[in-house]
Amino acid sequence: MGGEFAARVIDPAVGKRGFATSELLASWDTIVGARNGAFTQPEKLTFARGQSGGGVLTIRVDGPRAIFLQHEAGQLIARINTFLGFS
């Protein structure tokens, strides 16, 4: 019951920032790995009007670590897409 209550409270707030669900925030470290999760955070998920696919996820990264994240971009995109249910 606590999880349902938290989702009802959190989902509207994160929805305004472009997140479809709070699960993306809650699962971020699991999705990208603890090492990447320590210096990154999803900021905004946007889709073209009327579209449910082909979205853009904006990720906040601590400046000097951005190059490391860029090297793993393909793998991270695949993990994020799998989590969100996209191929």
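Helix α6 and its surroundings in a predicted model

Student: How far apart are the end C-alpha atoms of helix α6, and what span should its 12 residues have?
Tutor: Helix α6 covers residues 73-84, where helices (H or I, at least four residues) and strands (E, at least two) are DSSP runs numbered from the N terminus, and the expected span is 1.5 Å times one less than the number of residues. Because each residue counts for 1.5 Å, the 12 residues should span 16 Å, and this agrees with the distance between the end C-alpha atoms, 16 Å.

Student: What kind of model is this, and which pLDDT does a local feature need?
Tutor: Residues are numbered from 1 along each chain as its sequence is written, and side-chain values use heavy atoms, with hydrogens and water left out. This is a predicted model, in which totals for chains, interfaces and linings use all residues, side-chain atom pairs count only at pLDDT 80 or more, and local features need pLDDT of at least 70.

Student: Is E72 buried or exposed?
Tutor: E72 is found in the loop between α5 (66-71) and α6, and E72 touches R35 and N36, not counting residues up to four places away in sequence, contact meaning heavy atoms within 4.5 Å. Buried means under 20% relative accessible area, exposed over 50%, and partly exposed in between (1.4 Å probe, protein chains only). The relative accessible area of E72 is 18%, so E72 is buried.

Student: Is T82 buried or exposed?
Tutor: T82 lies in helix α6, and its C-alpha is 9.2 Å in space from that of I31, although T82 and I31 are 51 residues apart in sequence. Because its relative accessibility is 60%, T82 counts as exposed.

Student: Which element gives the largest share of the largest nonpolar core?
Tutor: A nonpolar core is a set of buried Ala, Val, Leu, Ile, Met, Phe, Trp, Tyr and Cys residues joined through side-chain atoms within 4.5 Å. The largest nonpolar core has 7 residues, namely L24, W28, I31, V32, L69, L76 and I80. The elements that give two or more residues to this core are α6 and α3 (28-32), and the largest share, 3 residues, comes from α3.

Student: Which residue follows α6, and what is the sign of its phi?
Tutor: The phi of the residue that follows α6 is near 90 degrees, and its sign is therefore not left open by the model. The residue after α6 has a positive phi, and that residue is G85.
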